[in-house]
Amino acid sequence: MNRVVAGCALCSASGLLWMGLFRLSNHLMTQLFKAKKWSVSAHHIMNMSEAIVSSLQAVASSACGVVVVVSCRHDVMKAVHPLASWYAWVAGSYFIYDAIAMYQVHLASLAEVPKRFTDRVCSYLRRRTLLVLHHVVVAFVLVPVLVYRSGLGDFFVGCFYCVELSGPFTNMRVVLSRLGLKTSRWYSVNGLLMITSFALCRVAVFPYMYFAYGTQYDLSILQVVRKIPVHCNLGSLMVLLPQVHWLRLMLLGAFKVSRGTPITEADEKID
């Protein structure tokens, strides 16, 4: 029980930290753009603030993931590292915060905000259905699984944390776009890095985890799929499918850029 109380306290404190960083970033950028006399809308500033906090979380998650993976790679099932369980509480608070931040960014993007709360929420859910569903599944399904898993598989938990390695590049695209730099060389270079890191860290990491398990127990990937519990396969699939969808969108966007076709916000899915 003490562990649960400590975890809830960590979750609450980190949630307040994420929201505080979001507010601070929004305030500082607003003041900066006013001082520079740059014409940047409140919506775009808020969108960039969300991207900055997301990048900070991505760096923290990736750092924890690398530490756990390196410490536990000698025994992918039984090796233990405390960060594997404790950072799950922080990650859960981030996804709850980010769902709220995305809602606020959405409202800021509207020319006229609906008066009824239910209409505002429905408008938000219609626009960001898949991303909100992803956040809900991670926060309320995946995180509890990471916390309550009998101390096994810390290596795989570390791999899950490492999927955030692509986050800084994904969020840099938001910042560059909002600053009107879609046609710059920086945008193109960042796009290549984003697609490469996303493909490796958010898609290829899943077969890698099955491969690592199979290597330790001398099993093929197909045998691994049959051996591990069904809920583990389903959990991996639920996380993987949205990543494949978003990677597809990125590749389509890159193809448009290569043909000289302008990229729209619908293509980027950035707000």
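Author: Let me start with a term: on a 1 Å grid over the protein atoms alone, a cavity is a set of points where a 1.4 Å probe fits but cannot get out, and its lining residues have an atom within 4 Å of a point. Grid points are joined across faces, edges and corners, and a volume is the space filled by probe spheres set on the points. This is a predicted model, where local features need pLDDT of at least 70 and side-chain atom pairs count only at pLDDT 80 or more, while totals for chains, interfaces and linings use all residues. Residues are numbered from 1 along each chain as its sequence is written, and side-chain values use heavy atoms, with hydrogens and water left out.

Reader: Thanks! How many cavities of 30 Å³ or more does the count come to?

Author: The count comes to one. The volume of the largest cavity is about 210 Å³.

Reader: And which residues are the closest to its centre?

Author: Those are Phe95, Val138, Phe160, Val163 and Glu164, out of 18 residues that line the largest cavity.

Reader: Which elements give two or more residues to that lining?

Author: They are α2 (42-72), α3 (82-109), α5 (129-147), α6 (154-162), α8 (185-217) and α10 (230-258). Helices here are DSSP runs (H or I, at least four residues), numbered from the N terminus.

Reader: Nice. Which one gives the most?

Author: That is α5, with five residues in the lining of the largest cavity.

Reader: What's the chemistry of the lining, by nonpolar, polar and charged residues?

Author: The lining of the largest cavity has twelve nonpolar residues, four polar and two charged. Ala, Val, Leu, Ile, Met, Phe, Trp, Tyr, Cys and Pro count as nonpolar, Asp, Glu, Lys and Arg as charged, and the others, Gly among them, as polar.

Reader: Glu164 caught my eye. What forms a salt bridge with Glu164?

Author: Arg202 does, and the closest N and O atoms of the pair are 3.2 Å apart. A salt bridge needs a side-chain nitrogen of Lys or Arg within 4 Å of a carboxyl oxygen of Asp or Glu. By this rule the model has one salt bridge.

Reader: Where do the two partners lie?

Author: Arg202 lies in helix α8 and Glu164 in the loop between α6 and α7 (167-178), so the pair ties together parts that are 38 residues apart in sequence.

Reader: Is Arg202 buried or exposed? Same question for Glu164, buried or exposed?

Author: Arg202 counts as buried, at 13% relative accessibility, and Glu164 counts as buried too, at 10%. Buried means under 20% relative accessible area, exposed over 50%, and partly exposed in between (1.4 Å probe, protein chains only).

Reader: Switching to the outside: which residues make the nonpolar surface patch?

Author: Ile96, Ile100, Val136, Phe140, Val141, Val145 and Met238 make a patch of about 590 Å². Patch residues have over 30% relative accessible area and no salt bridge, and nonpolar side chains (Val, Leu, Ile, Met, Phe, Trp, Tyr) are joined within 5 Å. Accessible areas come from the Shrake-Rupley method with a 1.4 Å probe.

Reader: Which helix gives the most to that patch?

Author: Helix α5 again, with four residues of the nonpolar patch. Both α3 and α5 supply at least two residues each. Val141, for one, sits in α5 and counts as partly exposed at 39% relative accessibility.

Reader: Still on α5, how far is Val147 from Trp89?

Author: Their C-alpha atoms are separated by 7.8 Å, although Val147 and Trp89 are 58 residues apart along the chain. Val147 belongs to helix α5 and is buried, with a relative accessible area of 16%.

Reader: What about Asp98 and Ser54, how far apart in space?

Author: They are 8.0 Å apart, C-alpha to C-alpha, and 44 residues apart in sequence. Asp98 is part of helix α3 and is buried at 5% relative accessibility.

Reader: And Met46 to Met102?

Author: The C-alpha separation of Met46 and Met102 is 9.3 Å, with their positions 56 residues apart along the chain. Met46 is in helix α2 and counts as buried at 15% relative accessibility.

Reader: Last topic, backbone. What phi does Lys37 have?

Author: Lys37 has a positive phi of about 60°, although it is not a glycine. Lys37 is in the loop between α1 (2-36) and α2 and is exposed, with a relative accessible area of 77%.

Reader: And where is Asp218 found?

Author: In the loop between α8 and α9 (221-227). Asp218 has a positive phi of about 55° without being a glycine, and Asp218 is exposed at 69% relative accessible area.

Key
1 Å grid on protein atoms, 1.4 Å probe; cavity = no way out; pocket = protein on both sides within 12 Å on 5 of 7 lines; lining within 4 Å. Patch = residues over 30% accessible without salt bridge, like charges linked within 9 Å, V, L, I, M, F, W, Y side chains within 5 Å.
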